[in-house]
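Hello,

Here is the structure I promised to pass on. Have a look at it first, then read my notes below.

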Amino acid sequence: MESPYSGELRVAIGAVQSAAKLSQAVIANDDKGVVQKDDLSPVTVADFAIQALLTATIHHAFPNDKFVGEESAAELKNNPALLDRVWNLLQRLREEEKQSLCKLPESPEQMCEMIDWCGFGEPGGKEAGRVWVFDPIDGTKTFVQRMAYAINVALLEGSKQVLSIVGCPTLAMNAEPPVTNTSLDPTGRGCIAFAAKGYGTYVCHLVGTSPSDVQARKIAPLTGIVSSHELRPVSCYNMLDSGVDDVHQIVQERLNIEKRGCDLLAWVLRWVSLGLRKADFTVWVYKSRSRTGKIWDHAGAMLLFEEIGGQVTDINGKDIDLGVGRKMTENHGFVAAPKAVHATLLKTVQRVLREQGKEHLLG
């Protein structure tokens, strides 16, 4: 793909390929070094190591850019054994570093510093310039079970998505829908989905692709979907306590959609399934107005769908604001669908919420 971001794309694809090697090394180990964060979500040695790798590699290529990422190094600083495990995991790439685009921190101290660049970073709004957003492992709960996960890399300019690179080590490039958490690529090659603003969405193999000579397939734009009953959903069914499952189900029934569709825990993989046309729409209503999305679960990945003709808003119909902070407090929930039917889907969601006595969720 020729675009103004060809250099960034080459570096990011190389970084994601190296990151996938680290994640696969961890997934093969029974002890994945899992710790619990304050919000009770799990984090592994792979999360820390990959965030350090992505930051070091992209900082080396673009030293003036800033970073936002899910993890901070606080746990590593308080746990020398965990720190050693993360550092030793990165050393698996030391020889590869000499021959590839990846760069590693020079010491455990610098590793922690780079992780914290992300962990305390902010997207910064319209005047922020270039900010990279990372989710080193999206879907950690399924990752530790050797199921589906993704590595998310996004570039924002002035809080707007301009580049998306998502590594999907478990998802086959030509996977047939519906895709689920247990849909594993039998070849082990996985895929990378990527997009640049105004240049479309593409997919290529994760393993065996040269960052300097990417042989990718362009995803065809959404055409022909003119009725909501033709839609294929993607959601996370009965695995998360943050969503209003009964509302999601009623919306599908009102639209005469019988199929359950793709079922994925990781938000990034849900956006990938939309961008690669494994699904056509998603609806997510949080149980409380105090619940919000986190920028690393959505930034960049939404662009994959938008670049093929999808429209993404919150349940009030507002555009998604990625500049407000690490938590997306200006928006509640998500409604994503082809532009031709987005308004119908949005009205249906709002009508169901009012009928179910949940109009307070509309704010």
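T313 stands opposite V335, a residue of strand 14. Keep in mind that the model is predicted. That pair belongs to a stretch where strand 13 and strand 14 (residues 334-338) run antiparallel, joined over 4 bridges. In the same stretch, V312 faces A336 of strand 14.

A336 also has a partner in strand 12: T282 is bridged to A336. Strand 12 and strand 14 are again antiparallel, this time over 3 bridges.

Put together, this gives an open sheet of 3 strands in the order 12-14-13, with antiparallel pairing. The edges are strand 12 (282-284) and strand 13 (310-313), and each of them pairs on one side only. On average, neighbouring strands of this sheet are turned by 10 degrees against each other, direction ignored.

How much of strand 14 is buried? Strand 14 is mostly covered, with 5 of its 5 residues buried.

Next, the helix on this sheet. Helix 11 (residues 339-355) lies across strand 12, strand 13 and strand 14. Its direction makes an angle of about 145 degrees with strand 14. The buried residues of helix 11 are V341, H342, L345, L346, T348, V349, Q350, V352 and L353. What covers them includes helix 8 (245-254), along with strand 12, strand 13 and strand 14.

The length of helix 11 can be checked. At 1.5 Å a residue, its 17 residues should span 24 Å; the end C-alpha atoms are 25 Å apart, so the two agree. After helix 11 comes G357, with a positive phi near 70 degrees.

Two other helices are worth a look.

Helix 2 (residues 45-61) passes the length check too. Its 17 residues should span 24 Å at 1.5 Å a residue, and its end C-alpha atoms lie 25 Å apart, which agrees. Helix 2 is mostly covered: 14 of its 17 residues are buried. What caps its N-terminal end? T44 does, with a side-chain oxygen 3.1 Å from the backbone nitrogen of A46.

Helix 4 (residues 80-90) has two sides to compare. Its buried residues are L82, L83, V86, W87, L89 and L90. Seen down the axis of helix 4, these fall within an arc of 160 degrees, so they line one face of the helix. The face turned away from that buried side carries the exposed residues P80 and A81.

Finally, two single residues.

Where is T170? T170 sits in the loop between strand 6 (160-168) and strand 7 (191-196). Is T170 buried or exposed? The relative accessibility of T170 is 9%, so T170 counts as buried. Setting aside residues up to four places away in sequence, T170 touches M147, A148, Y149, S183, L184 and D185.

D263 is found in strand 11 (residues 262-263). D263 has a relative accessible area of 13%; buried means under 20%, so D263 is buried. Which residues does D263 contact, leaving aside its neighbours within four places in sequence? They are V179, T180, N181, S235, C236 and Y237.

If you open the model, try the sheet before the single residues. Start at A336, which stands opposite V312 and is the bridge partner of T282. Then turn to helix 11, which lies across strand 12, strand 13 and strand 14.

Best wishes

Conventions:
Residues numbered from 1 in each chain as written. Predicted model: local features only at pLDDT ≥ 70, side-chain atom pairs only at ≥ 80, totals over all residues. Heavy atoms only, no water. Pairing = 2+ DSSP bridges. Axes fitted to C-alpha atoms, helices over the stretch in contact; angles between N-to-C directions. Contact = heavy atoms within 4.5 Å. Expected span 1.5 Å × (residues − 1). Buried < 20%, exposed > 50% of the residue type's maximum accessible area, 1.4 Å probe, protein only. Polar contact = N/O pair within 3.5 Å; in protein donor to acceptor, adjacent residues only side chain to side chain. Arc of directions from axis to C-beta.
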